[in-house]
Amino acid sequence: MAKVKGIGLLCILTILLSGCWSKRELNELAIVVALGIDKVEDHFEITVQIVDPSEISVRQVSTQRAPVITYHAQGETIFEAIRKMTTVAARKPYFSHLQVVVLGEDLAKEGIDESLDLIARDHEFRNDFDVIMSYEATAKEVLNILTPIEKIPANKMVNSLRTSEKAWGSTIAVNIDELVDMLHKEERGAILTAIEIHGDRKLGMDQTNVQRVKTSAWLQYAGLAVFKDNQFVGLLSEEDSKSISFLNDTIKSTVERIACPEKGTLSMEITQSHTKIKGTFERGTPKIDVQINIIQNVDEVGCTINLMESATMDYINQKTAQSIQKRIEKTLETIQQYYQVDILGFCDALHRADAKQWKKIKADWPTMFPELQVNVDVKVKTQSIGTLQNSLLDMPKEEE
């Protein structure tokens, strides 16, 4: 009897199960991979980059159409503009596969906090997409550029951003949660990687842009954009951007070039970098100590030098450390004296060091930051000189 009741209960529960009530068929969706937000007068202009599945399918013969299509709409709010886009798009935009958000420069100059509210709040947006800023171009123009190799331009932007971060160090991938966290701290500023357009922008929108050996227009990352009080205030150079990556402990690998003892240069590959930032208070005055430990390999030798001597290794280590330290100190001077905004989170290091002392100076931090004492110490160790013991310039030539 108990067995019969159990079977009956299972049958009733099966009827009550709703199944996939919120399912959406693929042929009903317009999959958005990139979103651009611009400010046009007092309106937001939204651009979405949508994938054309038939053009990226490996099983279907290409029709020579572009692999993506962009739609644009304006509204007094971002949500309004997105919904208004349904009047021109064949399907409703679907944002769960969004990879990158591009904020236009004009919008960034006015302030980006309002534009981030929807994409940080709406459940349809995931939090794993990157946020970048267009420099000397609108987000709309950036998303209209077709790219070679990577059929989907959004993929190109994301892959280039992350590859450059790992191999060069002048870019930093920032997702929406990280950006919101930076902007919500009054004591500090924010940074975003900036992207710019090179070449003919009109030809960059044409399918022929990806059919040539040399493309007419291309996208390239330009450095790090600095934000103060939610507003874009300036762009750091490539060298300064690399310094920020060292200070943020995000350097995975990069290249350093140093002068040889007499003439020529040496190229070094940084393979490891670890940064420790320590805040202290001396009689109530804040101070920051930065310790950077680097491991490198000799990658390219353009001079006559004996790499087997310990004195040579000492010279290489010392010169690399001096080069990096000098550049970082110059970048710190730019940030403190010119931008006067804590984009490195030194305020967090001081709070961790002594919460009571930090509370006393917190209100005065904007005026104290430019005069903050920051001590930088860089130590370098060379691990490998490669498969050649010395430069090819040192090798004796065979007699004929």
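**A disulfide, a four-stranded sheet and two unusual backbone angles**

At 37% relative accessibility, Q340 counts as partly exposed, because this class covers the values between 20% and 50%. The model described here is a predicted one, and Q340 is a good place to begin a tour of it. The residue sits in the loop between α11 and α12 (346-353). Its backbone also deserves a look: Q340 is not a glycine, yet its phi is positive, at about 55 degrees. For comparison with the general rule, most residues other than glycine have a negative phi. A second residue of this kind is E136, which is likewise not a glycine and has a positive phi near 55 degrees. E136 is found in the loop that runs between β6 (130-134) and α6 (139-143).

Attention now turns to the cysteines. The structure holds 1 disulfide, formed by C260 and C303, whose sulfur atoms are 2.0 Å apart. This distance satisfies the criterion for a disulfide, because the two sulfur atoms must lie within 2.5 Å of each other. In general terms, such a link is a covalent bond between the sulfur atoms of two cysteines. The torsion about the S-S bond of C260 and C303 is about -80 degrees, and the disulfide is therefore left-handed. C260 belongs to the loop between β10 (254-259) and β11 (265-282), while C303 belongs to the loop between β12 (285-301) and α11 (310-339), so the pair ties together parts that are 43 residues apart in sequence. Both of these cysteines, C260 and C303, are buried. Another cysteine, C347, has a relative accessible area of 2% and is therefore buried, since the cut-off for this class is under 20%.

The strands on either side of the C260 loop lead to the sheet. Here, 4 strands form an open sheet in the order β10-β11-β12-β13, and their pairing is mixed. At the edges are β10 and β13 (373-384), each of which pairs on one side only. On average, neighbouring strands of this sheet are turned by 35 degrees against each other, direction ignored. As a general point, strands of a sheet pair through backbone hydrogen bonds, either parallel or antiparallel. For β10 and β11, the sense is antiparallel, and the pairing extends over 6 bridges. Within this part of the sheet, A259 stands opposite T265 in β11. A helix accompanies these strands: α10 (residues 238-247) lies across β10, β11 and β12, and it runs at about 115 degrees to β10.

Note on methods:
Residues numbered from 1 in each chain as written. Predicted model: local features only at pLDDT ≥ 70, side-chain atom pairs only at ≥ 80, totals over all residues. Heavy atoms only, no water. Helix = DSSP H or I, 4+ residues; strand = E, 2+ residues; numbered from the N terminus. Buried < 20%, exposed > 50% of the residue type's maximum accessible area, 1.4 Å probe, protein only. Pairing = 2+ DSSP bridges. Axes fitted to C-alpha atoms, helices over the stretch in contact; angles between N-to-C directions. Contact = heavy atoms within 4.5 Å.
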